[in-house]
Amino acid sequence: MTNETLTGEFPTLPPNVSIFSPKSPDAADKLLKASLFTRLSASSSTSPDQLSKALQAHSQVSEDFYLTHKNSILIFDGGVEGDELEDLHHEHFRAVCLALKDADIGLDVAKCVHDSKDVLQAGFQLDAMKKGSVLVIDLMHADDDDEDDSEEEDQENGA
């Protein structure tokens, strides 16, 4: 028997993994069927809670077209084609940016990816789970503590 079995605790997800479980199961379906993506990265001084609260507080922003993972936002759209898709996506982008502006949250522009036709190009991998949930893997996530530790080890080992 493991400690997990004895204590009833569940294993934690790696830091670059989250589960998108929106209130509306249709939003998860829209994410999986989307064909245009924008990744926005909030400044490192912004906590994930601040980011979520800012977006949830804004009336023009809906889980039907965005998800948050740590300090990143993935805006997604699909279901229409051509200019109509781009116009819809840019409206959603605008709504998210206004919500961030209202909450005085800045962006790390170097980590943003705009108007990607593929979710992988936006730095995410998605996997369908049970109806209404999507496993989200942030491919651009770097654990700064791990990087610092490995640099220190290299210096100690003379590398």
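How many helices and how many strands make up the secondary structure of the chain?

1. The model discussed here is a predicted one, and the secondary structure of its chain comes to five helices and seven strands. Read from the N terminus, these elements follow one another in the order α-β-α-β-α-β-β-α-β-β-β-α.

2. On the chain as a whole, 34% of the 159 residues count as buried, while the exposed area is about 10000 Å², of which carbon and sulfur atoms supply 47%. Among the contacts with a separation of 6 or more, 69% are accounted for by residues that stand 24 or more positions apart.

3. Three of the strands form an open sheet in the order β1-β7-β6, and the pairing in this sheet is antiparallel. Its edge strands are β1, residues 17-20, and β6, residues 124-128, each of which pairs on one side only. On average, and with direction ignored, neighbouring strands of the sheet are turned by 25 degrees against each other.

4. Within that sheet, the pairing of β6 with β7, which spans residues 134-138, is antiparallel and runs over five bridges. A reader who wishes to locate this pairing in the structure may start from A128, whose bridge partner in β7 is V134.

5. Which residues of helix α3 are buried? In this helix, residues 48-57, they are L51, A54 and L55. Because these residues cover an arc of only 90 degrees around the axis, they lie on the same side of α3. The general geometry agrees with this, since an α-helix has 3.6 residues a turn, so residues three or four places apart point the same way.

6. The two faces of α3 can then be described in turn: the buried residues of the helix pack against β3 (66-69), β4 (72-77) and α4, whereas the face turned away from the buried side carries the exposed residues D49, K53, Q56 and A57.

7. Is L107, which lies in the loop between α4 (82-102) and β5 (113-116), buried, exposed or partly exposed? Its relative accessible area is 32%, and L107 is therefore partly exposed, given that buried means under 20% and exposed means over 50%.

8. The surroundings of L107 can also be listed: leaving aside residues up to four places away in sequence, L107 touches L40, S41, A42, S43 and L100. The C-alpha atom of L107 is separated by 9.4 Å from that of S72, a residue 35 places away along the chain.

Notes. Residues are numbered from 1 along each chain as its sequence is written. This is a predicted model: local features need pLDDT of at least 70, side-chain atom pairs count only at pLDDT 80 or more; totals for chains, interfaces and linings use all residues. Side-chain values use heavy atoms; hydrogens and water are left out. Two strands pair if DSSP finds at least two bridges between them. Helices (H or I, at least four residues) and strands (E, at least two) are DSSP runs, numbered from the N terminus. Axes are lines fitted to C-alpha atoms, for helices over the stretch in contact, and angles run from 0 to 180 degrees between N-to-C directions. Buried means under 20% relative accessible area, exposed over 50%, partly exposed in between (1.4 Å probe, protein chains only). Contact means heavy atoms within 4.5 Å. The arc is that of the directions from the helix axis to the C-beta atoms. Accessible areas come from the Shrake-Rupley method with a 1.4 Å probe; for residues, only the protein chains shown count as cover.
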